[in-house]
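Here is a report on the pockets, cavities, helix contacts and strand pairing of one chain. Start with the open spaces, then follow the elements around them.

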Amino acid sequence: MSEDNKLTVNLYRDGSIESSHEVNVYSNNKQYEDYFFPRSSVKPMQVIPLLIEASNRNIEFTSEEIALFAASHSGQVEHIELLKETAKKFQVELDNIICGPQRPFHDETADNLLISGEKYTKLHNNCSGKHLSMLIFSKLLSVDSKNYYELTHKTQEITKQYFIEIFENEDIGFGIDGCGLPAINLKVTNFLNSIKFMQESRSAESWNKVFQAYLAHPQIIGGENRTDTNIIINSELKLLAKSGAEGVLFVTNNTESLIFNCSDGSKRGVDLAASYFLYSNGWINKKPFEYLDNIYTSNRQNTRAVEIEVV
């Protein structure tokens, strides 16, 4: 990739560079040969086969439910309650999701669980909303949900064919994601061009529902002070933003789409680079970067110990 499409995040301590993160910035306005794993940044697209199937059966999901299905939530109380309410509404057993127990991303929630003597559960897993959607999808298709996470399961076969359609390429690899579901690997350009494709295809209505769900419920998508949530709520534009593991962040306004991918897989690197780039280019205000700059430069005594530079 050209050096023009890279950002470097440098952390200085006592005037010397202590660490650096190199972040690739990809736009749908250019062509790239690079491949990547979108990880959770593919969730806005991954939920659409379920929405199409539900629409065919005259079943409507609420905007909150769609946001939950496409979220990487922080395990806060409101996220857990929405999971339980949605599972009850569609009469599926949450115990059947296969994502493992996870410490909530929201520190206060995690601390409160420890203080009360409670354990982290599968519901606290950031991907539990996606897994719930797979159980519901299985039910709509009248298939056993037991192995819903395997590529040979009908829900995954349909999702795979949908990915081939919107990414306009059969050259899609599949690994295993951190939550146990398939993790796709494809060209960055095919991923970014899918936004225009979906708006001009059978997916248009469903994509609009997903986009509007992100705008309406950013706190469901991530949670308190999560970078994708902060990007959405600190923009005068209508932006969909979705983070993915190993240093990935996807942002689109439905016309221009961007992928930020930190080469060392650093969440710190990609969050700082993306929030700085989006602020510098007028997509968002400075609050998301200022928040990150503060938490990454302050030590335990709340003293500024390092300086951050994005170039």
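## Pockets, packing and pairing

Helix 4 (77-89) and helix 5 each supply at least two residues of the second largest pocket's lining. The model is predicted. Helix 5 gives the largest share of that lining, 4 residues. The volume of the second largest pocket is about 190 Å³. It has 14 lining residues, and those closest to its centre are Ile80, Thr109, Leu113, Glu118 and His124. By class, this lining holds 4 nonpolar, 7 polar and 3 charged residues.

The largest pocket has a volume of about 710 Å³. It is lined by 35 residues, and Ser72, Ser74, Phe105, Arg226 and Lys267 are the closest to its centre. Five elements each give two or more residues to this lining: helix 5 (107-116), helix 11 (227-233), strand 6 (240-244), helix 12 (267-280) and helix 13 (287-297). Helix 13 gives the most, with 4 residues. The lining of the largest pocket divides into 10 nonpolar, 14 polar and 11 charged residues.

Closed spaces come next. The count is 4 cavities of 30 Å³ or more. The largest cavity has a volume of about 60 Å³. Its lining includes Lys43, Gln46, Val47, Phe69, Lys130, Met134 and Thr159. Pro49, Leu50, Ser133 and Phe137 also line the largest cavity. Helix 1 (43-46), helix 2 and helix 6 each give two or more residues to that lining. Helix 6 has the largest share, 4 residues.

The three linings compare by class as follows.

| Space | Volume | Nonpolar | Polar | Charged |
|---|---|---|---|---|
| Largest pocket | about 710 Å³ | 10 residues | 14 residues | 11 residues |
| Second largest pocket | about 190 Å³ | 4 residues | 7 residues | 3 residues |
| Largest cavity | about 60 Å³ | 6 residues | 3 residues | 2 residues |

### Helix against helix

Which residues of helix 2 meet helix 6? They are Pro49, Leu50, Glu53 and Ala54. On the helix 6 side, the contact uses Ser133, Ile136, Phe137 and Leu140. By class, the contact of helix 2 with helix 6 has 6 nonpolar residues, 1 polar and 1 charged. The axes of helix 2 (residues 48-56) and helix 6 (residues 128-140) come within 10 Å and cross at roughly 35°. The crossing is left-handed. Pro49, Leu50, Ser133 and Phe137 belong to this contact and also line the largest cavity.

Helix 12 and helix 13 form another pair. They pack at an angle of about 145°, and their axes are 8 Å apart. Helix 12 passes helix 13 in a left-handed crossing. Helix 12 makes the contact with Arg268, Asp271, Leu272, Ser275 and Tyr276. Helix 13 brings Pro288, Phe289, Leu292, Asp293 and Tyr296. This contact divides into 6 nonpolar, 1 polar and 3 charged residues. Both helices also give two or more residues to the lining of the largest pocket.

### Strand pairing

Strands of a sheet pair through backbone hydrogen bonds, either parallel or antiparallel. An open sheet of 3 strands here has the order 3-5-4, and its pairing is antiparallel. Strand 3 (35-36) and strand 4 (173-176) are the edge strands, each pairing on one side only. Strand 3 pairs with strand 5 (residues 182-187) over 2 bridges, in the antiparallel sense. Tyr35 has Lys187 in strand 5 as its bridge partner. Helix 8 (residues 188-199) packs on this sheet and touches strand 3 and strand 5. The direction of helix 8 makes about 95° with that of strand 5.

Strand 1 has two antiparallel partners to consider. With strand 2 (residues 16-27), strand 1 (residues 6-13) shares 8 bridges and runs antiparallel. Thr8 stands opposite Glu22 in this pairing. Strand 1 and strand 2 form a hairpin with 2 residues between them. Asp14, in the turn, has a positive phi of about 55°. With strand 9 (residues 307-310), strand 1 has 4 bridges, again antiparallel. There Asn10 stands opposite Glu309.

Terms used. Residues are numbered from 1 along each chain as its sequence is written. This is a predicted model: local features need pLDDT of at least 70, side-chain atom pairs count only at pLDDT 80 or more; totals for chains, interfaces and linings use all residues. Side-chain values use heavy atoms; hydrogens and water are left out. On a 1 Å grid over the protein atoms alone, a cavity is a set of points where a 1.4 Å probe fits but cannot get out, and a pocket is an open set with protein on both sides within 12 Å along at least five of seven lines; lining residues have an atom within 4 Å of a point. Grid points are joined across faces, edges and corners, and a volume is the space filled by probe spheres set on the points. Ala, Val, Leu, Ile, Met, Phe, Trp, Tyr, Cys and Pro count as nonpolar, Asp, Glu, Lys and Arg as charged, and the others, Gly among them, as polar. Axes are lines fitted to C-alpha atoms, for helices over the stretch in contact, and angles run from 0 to 180 degrees between N-to-C directions. A crossing is left-handed if the near helix is turned anticlockwise from the far one by less than a right angle, and right-handed if clockwise. Contact means heavy atoms within 4.5 Å. Two strands pair if DSSP finds at least two bridges between them.
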